[in-house]
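Grab a pencil and get ready for a few short exercises on a protein model. Each one has a task, then a solution you can follow step by step.

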Amino acid sequence: MTFRATVLTLYPDMFPGALGLSLAGRALEQGVWSLETVQIRDFAMDRHRTVDDTPAGGGAGMVMRADIMARAIDHAAPAGDPRPRLLMSPRGKPLTQARVRQLAAGPGAVIVCGRFEGVDQRVIDARGLEEVSIGDYILSGGEPAALVLLDAVVRLLPGVMGNEASGAEESFEGGLLEHPHYTRPQEWEGCTIPEVLTSGNHAKIAAWRREQAERLTRERRPDLLEKRAVPQPVTK
Ligand code: SAH
């Protein structure tokens, strides 16, 4: 089954961008996923193809109009389209690996990229857009955020990553950051690879990696450990 991505944007030329290369690019060519862009401006109704207007209540910047956004969304994802409708937005729920996994298991996504100050609230509500943030900072538009989201999703689609196992061991998958990595040469600038990793003792290696993952998570992201500590309901 092909994962279908439809991106609504004022800058369709930004796609597939980085997703046309490497793993995602190959998967796109092979039809593991598909990418369609919709130019929001095509749904404007005046000669100048205006998509934005001044904010009600005053203030700086411009706001994307509800009526034009709705026409673009209804064209891209008519009622009955099973795909989630996402709006890239710094006010959204921060994107997590868990949400990325859910999306990758689904039929695709319709992704709206904001510009200017953002989008008229009425279209967010009326079309049930799920606001998704990629972090606590402000981009100039939703396009790089959409590329980030799609990159994270596409690499999880079946057959995209060479070594399927590498997905399961990564940062966040077990609620921990990943252990440090080493490779040849055995000695570099006077530093050697931790001995345990060259011992051939797989149980010891696994235990060392686990310890390192826990140490790094404690030092850098104690919030992740707190989340893991939530007691799970007992099932009999
Ligand atoms: N005035 C808004 C920011 C608008 S930035 C505010 O203060 O909340 C313009 C567009 O860039 C947004 O509509 C959104 O689509 C995108 N964007 C900016 N930062 C983002 C982030 N951290 N995550 C996802 N999308 C973002």
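Before we start, a quick definition: helices (H or I, at least four residues) and strands (E, at least two) are DSSP runs, numbered from the N terminus. Also keep in mind that this is a predicted model.

**Exercise 1: Two cis bonds**

Task: Find the place of proline 185 and of proline 16, and look at the peptide bond that leads into each proline.

Solution:
- Step 1. Go to proline 185, and you'll land in the loop between helix H6 (165-168) and strand S8 (187-188).
- Step 2. Check the bond joining arginine 184 to proline 185: the peptide is cis, and omega is about 5°.
- Step 3. Now move to proline 16, which has its place in the loop between strand S1 (3-9) and helix H1 (22-30).
- Step 4. The bond from phenylalanine 15 to proline 16 is cis too, with omega near -5°.

**Exercise 2: Positive phi**

Task: Take serine 22 and arginine 49. What is phi near in each, and is each residue buried, partly exposed or exposed?

Solution:
- Step 1. Serine 22 is part of helix H1, and its phi is near 55°, a positive value in a residue other than glycine.
- Step 2. For the exposure label you need a cut-off: exposed means over 50% relative accessible area, and buried means under 20%.
- Step 3. Serine 22 has a relative accessible area of 54%, so it counts as exposed.
- Step 4. Arginine 49 sits in the loop between strand S2 (33-39) and strand S3 (52-53). Its phi is near 55° as well, again positive in a residue that isn't glycine.
- Step 5. Arginine 49 has 36% relative accessibility, which lies in between the two cut-offs, so it is partly exposed.

**Exercise 3: Around the ligand**

Task: Work out where the ligand sits, how many residues surround it and which polar backbone atoms lie at 2.9 Å or 3.0 Å from its atoms.

Solution:
- Step 1. Start with the location: the ligand sits in the second largest pocket.
- Step 2. Count the shell, and you get 19 residues, the closest being Met88, Gly114, Glu117, Gly135 and Tyr137.
- Step 3. Sort the shell by class: nine residues are nonpolar, eight are polar and two are charged.
- Step 4. Ask which elements contribute. Strand S5 (85-94) and strand S7 (130-133) each supply at least two shell residues, and S5 gives the largest share, with three.
- Step 5. Look for polar contacts. An oxygen atom of the ligand lies 3.0 Å from a backbone N or O atom of glycine 114. A polar backbone atom of tyrosine 137 is 2.9 Å from a ligand nitrogen, and one of leucine 139 is 3.0 Å from a ligand nitrogen.
- Step 6. Finish with the surface: on its own the ligand exposes 560 Å², and the protein buries 85% of that.

**Exercise 4: Sequence and space**

Task: For glycine 106 and threonine 192, then for leucine 95 and alanine 18, give the separation along the chain and in space.

Solution:
- Step 1. Glycine 106 is in the loop between helix H3 (97-105) and strand S6 (108-113). With a relative accessible area of 18%, glycine 106 is buried.
- Step 2. From glycine 106 to threonine 192 there are 86 residues in sequence and 45 Å in space, C-alpha to C-alpha.
- Step 3. Leucine 95 lies in the loop between S5 and H3, and at 23% relative accessibility it counts as partly exposed.
- Step 4. Leucine 95 and alanine 18 are 77 residues apart along the chain, and their C-alpha atoms are separated by 19 Å.

Notes
Residues are numbered from 1 along each chain as its sequence is written. This is a predicted model: local features need pLDDT of at least 70, side-chain atom pairs count only at pLDDT 80 or more; totals for chains, interfaces and linings use all residues. Side-chain values use heavy atoms; hydrogens and water are left out. A residue is near a molecule or strand if one of its heavy atoms lies within 4 Å of it. A polar contact is a pair of N or O atoms within 3.5 Å; within protein, one must be able to donate a hydrogen and the other to accept it, and residues adjacent in sequence count only if both atoms are side-chain atoms. Accessible areas come from the Shrake-Rupley method with a 1.4 Å probe; for residues, only the protein chains shown count as cover. On a 1 Å grid over the protein atoms alone, a cavity is a set of points where a 1.4 Å probe fits but cannot get out, and a pocket is an open set with protein on both sides within 12 Å along at least five of seven lines; lining residues have an atom within 4 Å of a point. A molecule sits in a cavity or pocket if more than half of its atoms lie within 2 Å of its grid points. Ala, Val, Leu, Ile, Met, Phe, Trp, Tyr, Cys and Pro count as nonpolar, Asp, Glu, Lys and Arg as charged, and the others, Gly among them, as polar. Buried means under 20% relative accessible area, exposed over 50%, partly exposed in between (1.4 Å probe, protein chains only).
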